[in-house]
Number of protein chains: 2
Amino acid sequence: MSIGFDPSALEEFYKEIEQQRLLAPLWPTADGVAYRDQTRLPFEQVVLIAHSANDLAAAIQSMHIRGSGAIGCAGAFGATLAVSSAPNHPEEWAGLSAQLRAARPTAIILQKAVDEVLHAAAAQPGTAVEAAVNAAVAFFRQQLAMERAIGQWGQTLIPDGGTILTHCNSGALAGAGYGGRVLSVIRAAAEAGKHVHVIAQETRPYLQGARITAWELVQLNIPVKLATDGMAAALMQKGLVDVCVVGSDRLAANGDLVNKVGTCLIALAGREYGVPFYTATTHYNVDLACPDGRSIPIEMRPGDEVLSFNGQPVTVSGIGGIYPSFDITPASLLTGIITERGVLLPPYTPGLTALMQGGAGI
Amino acid sequence: MSIGFDPSALEEFYKEIEQQRLLAPLWPTADGVAYRDQTRLPFEQVVLIAHSANDLAAAIQSMHIRGSGAIGCAGAFGATLAVSSAPNHPEEWAGLSAQLRAARPTAIILQKAVDEVLHAAAAQPGTAVEAAVNAAVAFFRQQLAMERAIGQWGQTLIPDGGTILTHCNSGALAGAGYGGRVLSVIRAAAEAGKHVHVIAQETRPYLQGARITAWELVQLNIPVKLATDGMAAALMQKGLVDVCVVGSDRLAANGDLVNKVGTCLIALAGREYGVPFYTATTHYNVDLACPDGRSIPIEMRPGDEVLSFNGQPVTVSGIGGIYPSFDITPASLLTGIITERGVLLPPYTPGLTALMQGGAGI
C-alpha cells in the first residue's frame, strides 16, 4: 500500500541525497518514512520503515532518531503520513500527529515542523497530500541550507592541517544529512580543501562519539581518532588539539551553553592551555527566556545508566551510579558561537538576540 | 613443598590482617606468596600463588599486582622466596630476584624493598630465611603505618557528611591493605566517625575506578556511587562534591602532579567551582630531580587500548585511538598535598624537600 510518497516525484529528491553525499537520518519512500536505527550504529546498519506518524513518535522516543535537525525532519515527513492517511479529513490530522508532535517536549523544532506541514496541507484542499510532501521536502532543504551555512561560517575558524577535538555527536544523523552542526563545520573545512583531523571523545555512557561521530567521519573520509572523556587536558598539554568544536543542547541569553556532560571540562582545559573553544548551534537552540545557565534545568538521568556498557556491567553489583546528562559551560569560556547566520563573539546577548529576531545585526 | 614461610610463625601476621580488616593485595602462605588477580576484579575474585620471585615479576608485568605499595610488598615477599630457594647460597639471591627487581622500572619502591630484604638475610647467615621473612613483614608493616599516617593527616580535610570525588584507584589493593593513599584518607575519615560518601570516576579505558575503587569501598561499607570521566564539572555545578582526593604517580619538585589521565580536568573544575583538590602521596612518589611537570615524560600508550571495553569494540572498525595515559596537574591547582608526614600547603618545594630529607620541616 502506498501511503503518501509518490516514488516518481521523489526521484529528484533521491538524486539530491546521492549527489550531495548526504548521510540522511531518514527519507521518504513509497511505503512510508525510512529511518536509520541510530542505537545500533556502527555495529549494525539497520533501516526501518515508519508507516504512520505514531511509528515516528516511537522511533524518537526510543532514540532511534535523535538530534534536533533529524527530529525536525521526522516531524515534517511524519505529518505528511498523517495527512496521507486521511487526505480528505483535515479535522483528523492534528489527532493523528499529536503523539509525534509531543514525542520530545524539549525540541521546539518538532512542533514547528509538524505545524508547518499540516498548515500547508490545510491550505490546499484536494491536493493536500502533495502540499504536505512539498512542505516536508522544503523543510528538509531548509535544514540542509542551515547546515551548509553553519559549515561555511564555521570552517573559517579551522586552520589548514588542524586537529579538531569534539564531543558526543552533533553530526549529519542528528541533522538533515550534511553534517548537522559540528560536523558541518568539519565537513565544510575539508570541502574547502583543508587537511583536517578529528579527535572524537567517546562520550560515556552511551558512546555517541565513539559510535556515531566516528562512523560519520569514516563515511566522509575525514581522519578521526578516538579518545576517552578524560583526555582533553592531556591532549592539549601535548599540543595535539588546535580547536574545539562542540554542539549545543540549549544556549541561554548570555551565551551560557548547556550540552552533553563532559563539554565544560573541554572548555576549562581550552582556557588553561589557550585552545579556542566554539559551539556550533542554530536559532532553534537559543532560549532567550533563560537569562543564564543557572535558569536552565539540568536533567539527572537514572544513575543505573552509567553502570554498564552495551549491557555489560562495568562495576561490582549493588552500587549505584550518578548521571547528570548535561553540564553548563559558562559563556566566559566560549571563544565564539557558530550559527547559521555568522560567528558570534562576546558579549553574546546582542548577537543571540539579533539571531532570534532574524535581523541583520550579526 | 614449603618454600619459605612457616605457617605457625605467620599466624600472628594473619590475625593482624583479619583484625585490621585489611584488603591485602598479597600475603605469604606456606606454599609461596598468594596474590589477588586485580585484572579480573570485581567480576571474578581470583587468588593465585607465586612460587618464586620470577612468578611475582610476571604478576607485576601483567598488572595482576599494581600500585606502588603493593608492588613494594611483592618485592619484599618475593625476595624472601629467592632467599628460601637457596638459603645457603647468598651469591645466588641477586640473580634469583633480578627479574622481580626490574619488573616495573619506574617504581623505585620495588628495588628498595628487594634490596632491604636481601640485605637483612645476608646479615644473618644460618638464619637467612627467618631474617628475610622478618624483614619482609617489617616492610609490610611500615607500608601499613605509612597508609595509616596518610589517613590520619588527610581525614582532617574531610568534612563530616561530605562527598569525596576520586579517580582511578589509589586504594588498599594498590598499597599494603589499609587503604593505599586515597582510600586511607577516606577510610580514616569513616573510622573517625564521619559520615562520608564517595563518587568514583570509572576511569576509562581500563575502568580501575569502576572495578577496583568501587569494589574496595563496598568491602569497607563506605557508600559509593559511580560516575563517568566527564562529569566532574557537572557534579560540582550541582553542589554534589565537597572535596576531591586523587592519587599520584609522580610529583615534581614544584608540586606539579602526574597522575592518571583525567586528573587535571577534575582540578580545573575544582578551581572553577571552589571545590578543594588534594593529592595523597608518599615520599616514594616525589622526584626532586624533576623541577616541574614538563620535565616528566608522559607515556603515550597504544591507541588501540581505547577502542574497546573488556574486549568489546566501542567504535567502528578501522579507526585508531589515542591514549596519553597520564596528565599533568599544575601545582597551582592543588589545594594541598597529603603525605605520610603531614599536609603540605603551597609553595610546595620546601615541604617536598623536607619530606624527602625525612626532616621535621613539615
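**Notebook: the contact between chains A and B**

I began with the charged pairs and counted four salt bridges between chain B and chain A. The model is a predicted one, and I read every value below as computed from it.

I noted one of the bridges in detail. Glu202(B) is paired with Arg204(A), and their closest N and O atoms are 2.7 Å apart. I then turned to polar contacts and found 16 residue pairs between chain B and chain A, with both residues at pLDDT 80 or more.

Next I listed the elements on the side of chain B that touches chain A. Those giving two or more residues are the helices α8 (208–219), α9 (232–237) and α10 (263–273), together with the strands β6 (224–227), β14 (312–313), β15 (320–321), β16 (323–324) and β17 (326–329), all of chain B. I looked for the biggest contributor in this list: α10(B) gives the most, with seven residues. I also sorted this side of chain B by residue class and got 39 nonpolar, nine polar and nine charged residues.

**Extent of the contact**

I counted 57 residues from chain B and 57 residues from chain A in the contact. The area buried between the two chains came out at about 4500 Å², and carbon and sulfur atoms give 69% of that area. Which three residues supply more than any others of the area that chain B buries against chain A? I found Leu226(B), Leu265(B) and Ile322(B), which supply 14% of it.

**Strands across the contact**

I checked for strand pairing between the chains. Strand β6 (residues 224–227) of chain A is joined to β15(B) by two bridges, and the two strands run parallel. Within this pairing I placed Lys225(A) opposite Gly320(B), a residue of β15(B).

**Symmetry**

I superposed the copies. A turn of 180° with a shift of 0.0 Å along the axis lays chain B on chain A with an RMSD of 0.1 Å. I therefore entered the relation as that of a two-fold axis. I compared the contact residues too: the same surface serves both copies, and 100% of the contact residues of chain B recur in chain A.

**A sheet in chain B**

I traced an open sheet of four strands in chain B, with the order β11-β8-β9-β17 and mixed pairing. Why is one side of β11 and of β17 of chain B left without a neighbour in the sheet? I found that β11 (286–287) and β17 of chain B stand at the edges and each has a single partner strand, so one side of each has no neighbour there. β17 (326–329) of chain B had already appeared in my list for the side that touches chain A.

I followed the β11 end of the sheet further. Strand β8 (residues 250–252) of chain B pairs with β11(B) in the parallel sense over two bridges. In that pairing Leu251(B) stands opposite Val286(B) of β11(B).

**Backbone entries**

I logged two cis peptide bonds. One joins Pro346(A) and Pro347(A), with omega about -5°. I located Pro347(A) in the loop between β19 (342–344) and α11 (348–357) of chain A. The other runs from Leu41(B) to Pro42(B), with omega near -5°. Pro42(B) lies in the loop between β2 (32–36) and β3 (47–50) of chain B.

My last entry is a phi angle. Thr203(A) is not a glycine, yet I read a positive phi of about 70° for Thr203(A). I placed this residue in the loop between β5 (197–201) and α8 (208–219) of chain A.

Definitions and conventions: Residues are numbered from 1 along each chain as its sequence is written. Chains are lettered from A and ligands numbered from 1 in the order in which they are written. This is a predicted model: local features need pLDDT of at least 70, side-chain atom pairs count only at pLDDT 80 or more; totals for chains, interfaces and linings use all residues. Side-chain values use heavy atoms; hydrogens and water are left out. Contact means heavy atoms within 4.5 Å. Buried area is the accessible area (1.4 Å probe) that two parts lose on being put together, summed over both. A salt bridge is a side-chain nitrogen of Lys or Arg within 4 Å of a carboxyl oxygen of Asp or Glu. A polar contact is a pair of N or O atoms within 3.5 Å; within protein, one must be able to donate a hydrogen and the other to accept it, and residues adjacent in sequence count only if both atoms are side-chain atoms. Ala, Val, Leu, Ile, Met, Phe, Trp, Tyr, Cys and Pro count as nonpolar, Asp, Glu, Lys and Arg as charged, and the others, Gly among them, as polar. Two strands pair if DSSP finds at least two bridges between them. Copies are superposed by least squares on the C-alpha atoms of residues with pLDDT of at least 70 in both.
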